[in-house]
Amino acid sequence: MKMMSQDELKKIVGEKAVDWIKDGMTVGLGTGSTVKYMVEALAKRIQSEHLNITGVVTSDATAKQARALNIPLKSVDDVDMIDLTIDGADEISSDFQGIKGGGAALLFEKIVASNSRKNLWIVDQSKMSEKLGKFPLPVEVIPYGSKKLFSKFSKKGYAPTFRHDDTGQLKYTDSNNLIIDLHLKEITHPHDLAAYLAEQVGVVEHGLFLDLVNTVIVGYPDGPKVLEAR
Ligand SMILES: O=C[C@H](O)[C@H](O)[C@H](O)COP(=O)(O)O
């Protein structure tokens with residue numbers, strides 16, 4: 001079997017995902033290196049099949065790409081309901097729960113996902129795991145009081161780190177918040193953890209995406225595999 005790079009696996013799932021898009025749909029466009037291929041493939045379909053599609057983006061980065069490819073966009077506030085959102089993920093457990101936010105876009109991604117009739121995730125095989133927690137869990141926090149939250153998470157044993165960008169500066173999200181990554185190793189009770197994080201003052205959103213997705217396309221060297229939740 002031909003060895004495929006991680007990037008090639010991302011490309012095959014990105015290209016496969018646009019099969020779910022039908023003419024007239026309002027489509028949520030996720031964020032990241034896998035979604036980038038889906039957005040490219042969608043733009044090609046819009047052009048060649050003259051599709052009437054409205055995109056709803058989840059980050060400034062995706063907005064920039066979609067505009068450059070002439071995909072018509074609207075804000076989530078200006079559409080009735082999103083028919084389908086296609087997004088990447090950082091880790092997906094066997095029961096279809098996920099961690100997102102590796103690209104710091106979790107807040108808009110969760111707003112768009114929560115306003116979508118259907119959510120579809122596209123990942124290469126490395127993102128699948130039995131239990132969540134190998135990927136550090138991103139928590140978006142407002143800057144004011146963020147050191148207090150950091151200490152609280154430290155005391156809980158969550159091994160927090162502030163996210164930095166490539167230049168070593170604190171990473172600010174599209175909404176000018178900070179990210180604290182929690183190094184948990186294994187999340188045994190994701191719903192309890194999600195509830196705890198949601199009630200902490202100063203937490204804007206966390207990267208646990210629970211009970212949102214029922215279709216996942218996984219890229220394997222022998223092709224994309226579509227997994228449906230039971
Ligand atoms: O904040 C970023 C998003 O949650 C991405 O969807 C996630 O990090 C996966 O990105 P990629 O496809 O680049 O691995």
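In this predicted model, helix α4 (residues 106–114) is a good place to start: 7 of its 9 residues are buried, so the helix is largely enclosed by the rest of the structure. Those buried positions are Leu-106, Leu-107, Phe-108, Glu-109, Lys-110, Val-112 and Ala-113.

Stepping back to the whole protein chain, the secondary structure consists of 6 helices and 14 strands. The chain has a radius of gyration of 17 Å, close to the 17 Å given by the globule rule for 230 residues, so it is as compact as a globular protein of that length. The C-alpha trace extends over about 55 × 45 × 35 Å along its principal axes. Of the 230 residues, 43% are buried. Among contacts with a separation of 6 or more, 75% join residues 24 or more positions apart.

Helix α1 offers another view of the interior. With 12 residues (6–17) at 1.5 Å a residue, α1 should span 16 Å, which agrees with the 17 Å between its end C-alpha atoms. Leu-9, Lys-10, Lys-11, Val-13, Gly-14 and Ala-17 are its buried residues. These pack against helix α2 (35–49) and against the strands β3 (82–87), β6 (116–124), β13 (215–220) and β14 (223–228).

The ligand is the remaining feature to visit. There are 17 residues around the ligand, and those that come nearest are Gly-32, Thr-34, Gly-88, Gly-102 and Gly-103. Sorted by class, this shell holds 9 polar residues, together with 4 nonpolar and 4 charged ones.

Definitions and conventions: Residues numbered from 1 in each chain as written. Predicted model: local features only at pLDDT ≥ 70, side-chain atom pairs only at ≥ 80, totals over all residues. Near = placed C-beta within 6 Å. Nonpolar A, V, L, I, M, F, W, Y, C, P; charged D, E, K, R; others polar. Buried ≥ 20, exposed ≤ 12 C-beta atoms within 10 Å, placed from the backbone. Helix = DSSP H or I, 4+ residues; strand = E, 2+ residues; numbered from the N terminus. Rg over C-alpha atoms; globule rule 2.2 N^0.38 Å. Contact = placed C-beta atoms within 7 Å. Expected span 1.5 Å × (residues − 1).
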